[in-house]
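Hello,

Here is the structure I promised to pass on to you. Have a look at it first, and then read my notes below.

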4 protein chains.
Amino acid sequence: MPASYAYLGPEGTFTEVALRTLPEAATRELVPYVSVQSALDAVRDGEAEAAFVPIENSVEGGITTTLDELVAGRPLMIYREVLLSITFALLVRPGTRLSDIKTVTAHPAAQPQVRNWLKAHLPDAAWESAASNADGARLVQEGRYDAAFAGEFAASRYGLVPLETGIHDAENAQTRFVLVGRPARPAAPTGADKTSVVLWQRDDHPGGLRDLLGEFATRGINLMLLQSRPTGAGIGNYCFCIDAEGHISDRRVADALAGLKRICLQVRYLGSYPRADLKPGDADAPRQDTSDEAFAAAADWVGRCQDGRF
Amino acid sequence: MPASYAYLGPEGTFTEVALRTLPEAATRELVPYVSVQSALDAVRDGEAEAAFVPIENSVEGGITTTLDELVAGRPLMIYREVLLSITFALLVRPGTRLSDIKTVTAHPAAQPQVRNWLKAHLPDAAWESAASNADGARLVQEGRYDAAFAGEFAASRYGLVPLETGIHDAENAQTRFVLVGRPARPAAPTGADKTSVVLWQRDDHPGGLRDLLGEFATRGINLMLLQSRPTGAGIGNYCFCIDAEGHISDRRVADALAGLKRICLQVRYLGSYPRADLKPGDADAPRQDTSDEAFAAAADWVGRCQDGRF
Amino acid sequence: MPASYAYLGPEGTFTEVALRTLPEAATRELVPYVSVQSALDAVRDGEAEAAFVPIENSVEGGITTTLDELVAGRPLMIYREVLLSITFALLVRPGTRLSDIKTVTAHPAAQPQVRNWLKAHLPDAAWESAASNADGARLVQEGRYDAAFAGEFAASRYGLVPLETGIHDAENAQTRFVLVGRPARPAAPTGADKTSVVLWQRDDHPGGLRDLLGEFATRGINLMLLQSRPTGAGIGNYCFCIDAEGHISDRRVADALAGLKRICLQVRYLGSYPRADLKPGDADAPRQDTSDEAFAAAADWVGRCQDGRF
Amino acid sequence: MPASYAYLGPEGTFTEVALRTLPEAATRELVPYVSVQSALDAVRDGEAEAAFVPIENSVEGGITTTLDELVAGRPLMIYREVLLSITFALLVRPGTRLSDIKTVTAHPAAQPQVRNWLKAHLPDAAWESAASNADGARLVQEGRYDAAFAGEFAASRYGLVPLETGIHDAENAQTRFVLVGRPARPAAPTGADKTSVVLWQRDDHPGGLRDLLGEFATRGINLMLLQSRPTGAGIGNYCFCIDAEGHISDRRVADALAGLKRICLQVRYLGSYPRADLKPGDADAPRQDTSDEAFAAAADWVGRCQDGRF
C-alpha cells in the first residue's frame, strides 16, 4: 500500500491547505493530480492510498464532478471530511498598486466570491479565467495578468505579495473536502458522525422520493445534503446523493439503510466518518425511541414474542 | 395441563357451534363459563388449556369485553380464529303458529339482526331480553315467552321447533371467535396469517397515531381491525387493538413490531395465527420490497457495508 | 319547532343530571325516551328540538348505540357536549344496614365501576342487572332488591337513602354526553372547539387509514377519539368516528375536511361545538403554519401567482 | 415592450438551434448574450421580452448558473420549455483528415459526451477548452486548433466541414431550455403542463424535506426535478428547485402550492408551462381524488356543512 495521498492540484490551492489540516497528511507523500477524476482513479488503481478532493461548497453547492465520480465507477468510500473557510487575497507582483491593475485572473469558481469586491474596487479591470487559482498566480508571476485572486498562502510560492486579504462576498463561505479511499471498515463512531449514500429509485411515482426520505425521518435522522445527479438514463432521471446524521454502526442509521436497500433500485454506501462541523460531545443525542438501546430492546422483545416468552 | 377448553356458555349457543368446527375441540373437554372474563381467567389460572370467546362481529364490531380482557391483566395469546355466519331461527314450542306469538326473546346482541324481520312479520310482539340466546330458548320451553331467536341447532336441546330459519337483517353477518391460551411460541406461519397487538401511544400529539400506522403502511402490511379501547386513565385516553396481515415470523411483521415497540409507550403482543377468511394459497404475497428475501438481503448488505466489504 | 329536549331516560339517571347542567335545558321541556334510538328518532321526526344522549365514557369507550345512530340514518348534528364525573351511591331503603344486603342491582354499565368496591365490602351479595340505574332504585323501593348503585341524586325520588357515596373503581371516571339536533349552521367557534366526522375509506389498502389520519396530522390537528364501527358490509369492514380539535370555520379544519372528502368514499359531518374539557382561553393556538392567517396568506399568494402578480 | 428574445450566445450553439424551434422566435429579434446572467438581466431590465437559456441536461443535471439566477434577484417566470437532443459533429477545416488531428476543442460541457469517442478514435489528441462550442469552431477556423466538437449546424457559419456526426457517449442525451420572462399570468393549461417552484425550509429538522414533498405526494403530483441549491447562508443550507406535474390552475397544484406556502419559510413561483416531453393528450389524468372535480365537490361540501345544509 503506497503511503501517498492524491489531491486535486496544483500545489498552492485551498485543497492542499485543507489537506494539510489532517494530522495524517504529515506522514504521507502528497501528490497533486490534474483532475478529481484522475485523483480518484489513482486510488482505484492502487497508486494512492486515498485522494483528497472538494465535494461541496457554500456558494456552488455539491461539486458535481466529485459526486459523479463517487456515484459511478468502482466503489470508493469517504474516510474523512474537512471544512475550510474560503477568503481570497489579491496577489500582485511586488510594487504593483491597485491603480495599476487592468487585468485580474482566478479559477471561475472564485468569481462569485469576489464579484462585489471587484465592482467596488476595480470596476474596470478585465477578468480572465485561469485553470486554477494557483495557475492564475503563476500567470501573474509571468506577467501575463496584473493580479490574481488566490489563497494568501499562495503568494510566497509565486513571488507575489497580497495587496488585499480577507476578500469574500458571502459570509461563511466554506468548502467541504473529503478524503476518499477504497472500501474498508468505516472508522469507529465518534458520536458526531455523518453517513453518505447514493439512492436510485425503483420506479418513479408520486411520493417515491418522499418515501425514501421517510426512512430517515421516521428514525429521527437529519439530512445535511440532498443532491440530485443524473443517472445517465436521459433527462429527468436522477439519483440522490445524501449525507445523513449518524454512523452506520448506529442502530437507527443501519436500520434506515436497510429500509432504503429494500425499497430502492440500488443503494451505494459512501461511508461513515466524523463530522467536521461538530465536536463529538456537541452532537444531539438520538431521540429516546431511536437510540441504540431502544433498537436493542425492541429486537429483544420481538425475539421473546417469537419464542413465546412474553 | 388439563385437556379442556373453556368457552363462553351456556351450551347451545353460536359460540359452542363455532368451537366445534375446530378439529382439536373433538379431543378436549369443552366447559361452558358464564362470562368471557371467567373463561379467560380459567386459562390464566391453569384450569383450562385455552378459552374460546367471540371477539368481533359484523354488526357490533369489536367485542369490548373480550378486547378489554386481552388488553389488561395477565398476558394471554390468540392461538386460532374461527368465522361463523350468523342466522337466526325463530324457535317455538311444537304447535305454536306465527299468529300465536305475543312475546319474543333473545340476547340483546341478536336484536339488530332480527329487527327488520320482526317489524315485517311480528310487528306487535313484545321483546324481552334474555341472558343468552340459549337461555331465551329455555324460557320458551318453560312457557315464559312464546318464541326465541336462536341458532337452529338449539331447537332440539330445548324441545322446540324452528318456525322460521335463515333470519338475518344484514347480509354477510358473521362473528369471529378466537381460541385464547397462555403465551407460547406462535404456531408456524401458513402463508395466510394474522398478527394481533395492542398499542399505547407514548404521548398524544398531532400525527401520533398516523405515525404508529405508518410502521405497518411503509412495510406494505394491511390492517384488518383497529379498535380503540379506553386505557382507564380518563376520558379520551385510548389504546388501540390492531389486527394486521402476516405472522411475527415474517420479516416485515417482525420489523414493524420492533418499530412500534420503540415508538410506543407499550406494545402487547397478542399472537400470530392462521386467517380464517383465507386459505394459505389465496393470500397476497408481500410486495417485492417487503418479502423475507428483501429483508434478508438488506440486512446482509448493511453488514457488508459495516465490514467494508461492498 | 317544539321547545322540548328528548333524553335517554328514565328520569333520575346521570343523563338527566348532565342535561340539566346546560343552561338552555331550564327553558325546555325535558322528555325521557326509552332508548337512544327513540330519542334520536324523535329529533329526526320533529317531535323534539334536540336529544341528549351519552356518547363516550372513560370505562367503556365510545357508546356504540349512539355512534351507530349518528353514523347511519337521516343525518343529525352534535350541538353541544357535556362531561360528567361518575360516582355511585349505594341506595337502600331507610334502616337497611350494610350487613342486611343480600342482593344489589344497577345497569350493567355500572358494574365495572363498582366491582372492586363490591368485592371489598359485599363479597357475597348477588348482582342482578336492571334496565337502568333509576330502574334499579325503583326495584329497591319496591323491595325486590336490597340495594341499588345509582347517582346520589336518585335517592330522594325513590324514597331511598345513600348508605355509601363516592363509589368508583376508576379514578377520573367520566361520561361524555352530546346534545344532538337536526343539521344546522354550527354554533360560532369559541376558540376551544371540537369537530366530529365519520369516514368511510374508498378502498382498503396498506396505508389507507394512515393517509386519512395524515389529513389531520399535516395540519397539526389533534384527535380526541377514533372509534371504528362496522359498516354493515361484513366482518372487517369499518368506518371511523373521529373527534378532532377545532371548528369547521377554522381554516385548517375546513381544509382537512375537504381533503378527506376527496380521498374518502364518504364523509359524514357530525358538527362542530365547544369542548367541555377546556375553556376557550385554555386551548392551544394552532401552529404558525396552520393558523387562519397562514391559510389566508397562502390562498392569497396562490391567487397572485395565478394572476401573474408576484 | 421590445420584440426581442435574449439568448445565451454566441450564435451557432445548441441554444440558438433550440430557440429557433419555437414558432414565436421567427417573429422576434434574437440577441445573443455572453452569459445566462446577462441574458436574464436583459429581461429584468426591460431590454428583452424574454430570455432563452439552458436549465437542465441529461449529463450535467440542473444547470446551476440558470437555477441560481431564477432563485435569487428580481423574480422571473418560465414561459416555455424546449427539449433538444444533443449530438456532436467533429468539425474541421476542409481537407483535414482524422489522422491530421493533434488538438481538439469544445466547451467543457461537451467533454462528458465525447470522451469515449475521443478515446476510441483520437486517443492522442490534446483537449483544449473553449468558451463555447461555437467559439471552439471559430478557433479551428482561425487555425488555432485542428478540430472542434460542435453542433453540425455550426459548420457552415465557420467555413468548416463535419468529419464525423452523431457523436454522443450517452444515449438520449438531451438539454432542456427555458424561455424566461417577467412575471405574468401563466399561459392557459394544455393538459400536459409543468410547474416550477423554489422552496426554502422554515427550519431544519428530521422529516422537514419529507413533509414538503408530502404536499405533492398526497395530491398525486409527480416530480420531474428536485435540485438543491445553496441559500448563501453557509455550507449545508439549501433551497430546493422543484419541477412538478401540472399547472397552477389545476386545483391539486394550487392546493399543493398553498400548503407549501404555509409550511415553508419562502416559496418562489417560477411558472406553469407546457411540457416539452409530452403531448397534451398523452399526459396521465389526475387520480379520481385529485381531479378538479374532486376539489370542487369537496369545497362545495365543506361550504354546505358550514351552512348547515348537509
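Which domains does the domain assignment give for chain A? Keep in mind that this is a predicted model. The assignment lists domain 1 (1-86 + 173-184), domain 2 (90-161) and domain 3 (185-310). Between the C-alpha centres of domain 1 and domain 2 of chain A there are 25 Å. Where these two touch, domain 1 of chain A supplies 10 residues and domain 2 of chain A supplies 12 residues. On the domain 1 side of that contact, six residues are nonpolar, two are polar and two are charged.

Next, the chains B and C. A turn of 180° with a shift of 0.1 Å along the axis lays chain C on chain B, with an RMSD of 0.1 Å. This is the relation of a two-fold axis. In chain C, C:Arg210 has the C-alpha nearest the axis, 2.6 Å from it. The copies meet through the same surface, because 97% of the interface residues of chain C are also interface residues in chain B.

Now for the cores. The largest nonpolar core has 144 residues, and among those with the most contacts inside it are B:Ala51 and C:Ala51. A second, separate core has 142 residues, including A:Ala51 and D:Phe216. Leaving aside residues up to four places away in sequence, C:Ala51 touches several residues, among them C:Tyr5, C:Leu40 and C:Val180.

Last, try finding helix α8 of chain B, residues 251-263. From first C-alpha to last, this helix reaches 19 Å, close to the 18 Å expected. In α8(B), 13 of the 13 residues are buried.

Enjoy exploring!

How values were computed: Residues numbered from 1 in each chain as written. Chains lettered and ligands numbered in written order. Predicted model: local features only at pLDDT ≥ 70, side-chain atom pairs only at ≥ 80, totals over all residues. Helix = DSSP H or I, 4+ residues; strand = E, 2+ residues; numbered from the N terminus. Expected span 1.5 Å × (residues − 1). Buried ≥ 20, exposed ≤ 12 C-beta atoms within 10 Å, placed from the backbone. Core = buried A, V, L, I, M, F, W, Y, C linked by C-beta atoms within 7 Å. Contact = placed C-beta atoms within 7 Å. Least-squares fit on C-alpha atoms with pLDDT ≥ 70 in both. Domains from an automatic or database assignment. Nonpolar A, V, L, I, M, F, W, Y, C, P; charged D, E, K, R; others polar.
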